[in-house]
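Work through the exercises below with the sequence and the 3D view open. Each task is followed by a stepwise solution.

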Amino acid sequence: MSDDPGLFEIMQTTRAMRRLKPDPVPEALIAKILQAGLWAANGGNTQRWRFLVVKDAKIKQAVQVHYKRAFDEIIGPRYLASQPPPGVTAEKYRRQHAAVEYLTEHFHEAPVWIVACLEEGAEPPPRWAGSSIYPAVQNMLLAARALGLGATLTTRHLFFEKAADGALGLPPGVRSYAILPVGYPLGKFGPVGRGKLSEFVYKDRWGAAYPGL
Ligand SMILES: Cc1cc2nc3c(=O)[nH]c(=O)nc-3n(C[C@H](O)[C@H](O)[C@H](O)COP(=O)(O)O)c2cc1C
């Protein structure tokens with residue numbers, strides 16, 4: 001019998017792991033994560049996704065400046081003014097805020113970033129554009145968790161998307177959709193905090209309870 005957690009346990013414990021060790025991640029594991037990304041669904045199987053793996057400290061530092069600015073100007077104040085979401089206690093929410101602030105300061109110190117991009121051309125992308133890259137992002141988060149690596153889905157750099165994509169050196173027509181800082185976690189994997197199914201699921205009519213949940 002294998003001790004490896006099954007898919008449902010992996011999903012339940014794939015948390016944002018914001019505190020990471022600076023230790024390098026073996027190439028074979030990075031390749032496994034990327035392969036998991038490529039197994040994801042994408043519109044028409046056109047595979048316009050591109051994945052920029054960034055280890056260069058200067059590039060990461062140049063992007064972190066925008067990530068931090070967005071925290072200082074937008075996200076930090078928003079956290080202070082908001083209530084805990086469903087399934088999350090005030091104490092857990094406070095710890096989440098502390099972890100978010102920690103990642104903000106240490107974003108560039110993650111040994112590896114996977115930057116998930118789409119090659120879209122000059123036209124502004126349609127509303128559904130992200131649906132061809134976020135399944136790959138989720139597959140990579142699950143794969144990292146299964147391999148004992150921590151990662152976080154981050155999009156905050158997009159508050160300053162032109163400047164951040166410029167710092168990443170993306171060519172015209174290519175946009176980043178997420179940056180996943182990946183590394184060995186400092187903390188432990190644990191279950192995510194979410195509300196109950198009955199809070200979010202309706203039957204036939206909007207707002208009508210789905211029996212049995
Ligand atoms: C679209 C999206 C964008 C996110 N951007 C960030 C981010 O920029 N920085 C960050 O620390 N976490 C980010 N997160 C992670 C969420 O904050 C996290 O999933 C949420 O707080 C729940 O925590 P958990 O996944 O550990 O349960 C993002 C998640 C999503 C889905």
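**Exercise 1. The α3/α4 pair**

Task: In this predicted model, how are α3 and α4 oriented to each other, roughly parallel or roughly antiparallel?

Solution:
- Locate the two helices: α3 spans residues 57-81 and α4 spans residues 90-106.
- Take the geometry. The packing angle is about 170 degrees, and the axes lie 10 Å apart.
- Apply the cut-off: angles over 145 degrees count as roughly antiparallel.
- Therefore α3 and α4 are roughly antiparallel to each other.
- Now list the contact. From α3 come Tyr67, Lys68, Phe71 and Tyr79. From α4 come His97, Val100 and Thr104.
- Sort the contact of α3 with α4 by class: 4 nonpolar, 2 polar and 1 charged residues.

**Exercise 2. The strand order**

Task: In what order do the 4 strands of the open sheet lie, and in what sense do they pair?

Solution:
- Start at one edge. β1 (49-54) pairs on one side only.
- Step to β2 (residues 112-119). β1 and β2 pair in the antiparallel sense over 6 bridges.
- Check a residue pair here: leucine 52 stands opposite valine 115 in β2.
- Step on to β4 (174-183). β2 and β4 are antiparallel too, with 8 bridges between them.
- Two bridge pairs place β2 against β4. Valine 112 has valine 182 of β4 as its partner. Leucine 118 has arginine 175 of β4.
- Finish at β3 (150-151), an edge strand that also pairs on one side only. β3 joins β4 over 2 bridges, in the antiparallel sense.
- Alanine 151 faces valine 182 in β4 as its opposite residue.
- Read off the result: the order is β1-β2-β4-β3, with antiparallel pairing.

**Exercise 3. Cover on the sheet**

Task: Which strands does α5 lie across, and how many residues of β4 are buried?

Solution:
- Find α5 at residues 134-146.
- Trace the helix over the sheet. α5 lies across β1, β2, β3 and β4.
- Compare directions: α5 runs at about 10 degrees to β4.
- Count burial in β4. Of its 10 residues, 8 are buried, so β4 is mostly covered.
- Repeat for β2. Here 7 of the 8 residues are buried, so β2 is largely enclosed by the rest of the structure.

**Exercise 4. Two positive phi angles**

Task: Where are asparagine 45 and glutamine 47 found, and are they exposed or partly exposed?

Solution:
- Place asparagine 45 in the loop between α2 (27-38) and β1. Glutamine 47 is found in the loop between α2 and β1.
- Read the backbone. Asparagine 45 has a positive phi of about 55 degrees, although it is not a glycine.
- Glutamine 47 has a positive phi of about 50 degrees, and it is not a glycine either.
- Recall the cut-off: 12 or fewer C-beta atoms within 10 Å means exposed.
- Asparagine 45 has 7 C-beta neighbours inside 10 Å, so it counts as exposed.
- Glutamine 47 has 13 C-beta neighbours inside 10 Å, so it counts as partly exposed.

**Exercise 5. Glutamine 12 and leucine 197**

Task: Which residues beyond its sequence neighbours does glutamine 12 contact, and is leucine 197 buried or exposed?

Solution:
- Put glutamine 12 in α1 (residues 7-12).
- Set aside neighbours within four places in sequence. Glutamine 12 is then in contact with Pro191 and Val192.
- Judge exposure. Glutamine 12 has 15 other C-beta atoms within 10 Å, so it is partly exposed.
- Look for a distant reference. The C-alpha atoms of glutamine 12 and phenylalanine 51 are separated by 26 Å, with their positions 39 residues apart along the chain.
- Move to leucine 197, in the segment after β4. With 10 other C-beta atoms within 10 Å, leucine 197 is exposed.
- Leucine 213 is 16 residues from leucine 197 along the chain, and their C-alpha atoms are separated by 6.3 Å.

**Exercise 6. The ligand shell**

Task: How many residues surround the ligand, and which are the closest?

Solution:
- Count the shell: 13 residues surround the ligand.
- Name the closest: Arg15, Ala16, Thr154, Arg156 and Val192.
- Split the shell by class. There are 5 nonpolar, 5 polar and 3 charged residues around the ligand.
- Link back to Exercise 5: Val192 is also one of the contacts of glutamine 12.

Terms used:
Residues are numbered from 1 along each chain as its sequence is written. This is a predicted model: local features need pLDDT of at least 70, side-chain atom pairs count only at pLDDT 80 or more; totals for chains, interfaces and linings use all residues. A residue is near a molecule or strand if its C-beta atom, placed from the backbone, lies within 6 Å of it. Ala, Val, Leu, Ile, Met, Phe, Trp, Tyr, Cys and Pro count as nonpolar, Asp, Glu, Lys and Arg as charged, and the others, Gly among them, as polar. Axes are lines fitted to C-alpha atoms, for helices over the stretch in contact, and angles run from 0 to 180 degrees between N-to-C directions. Angles under 35 degrees count as roughly parallel, over 145 as roughly antiparallel, 65 to 115 as roughly perpendicular and the rest as oblique. Two residues are in contact if their C-beta atoms, placed from the backbone, lie within 7 Å. Two strands pair if DSSP finds at least two bridges between them. A residue is buried if 20 or more other C-beta atoms lie within 10 Å of its own, exposed if 12 or fewer, and partly exposed in between; C-beta atoms are placed from the backbone.
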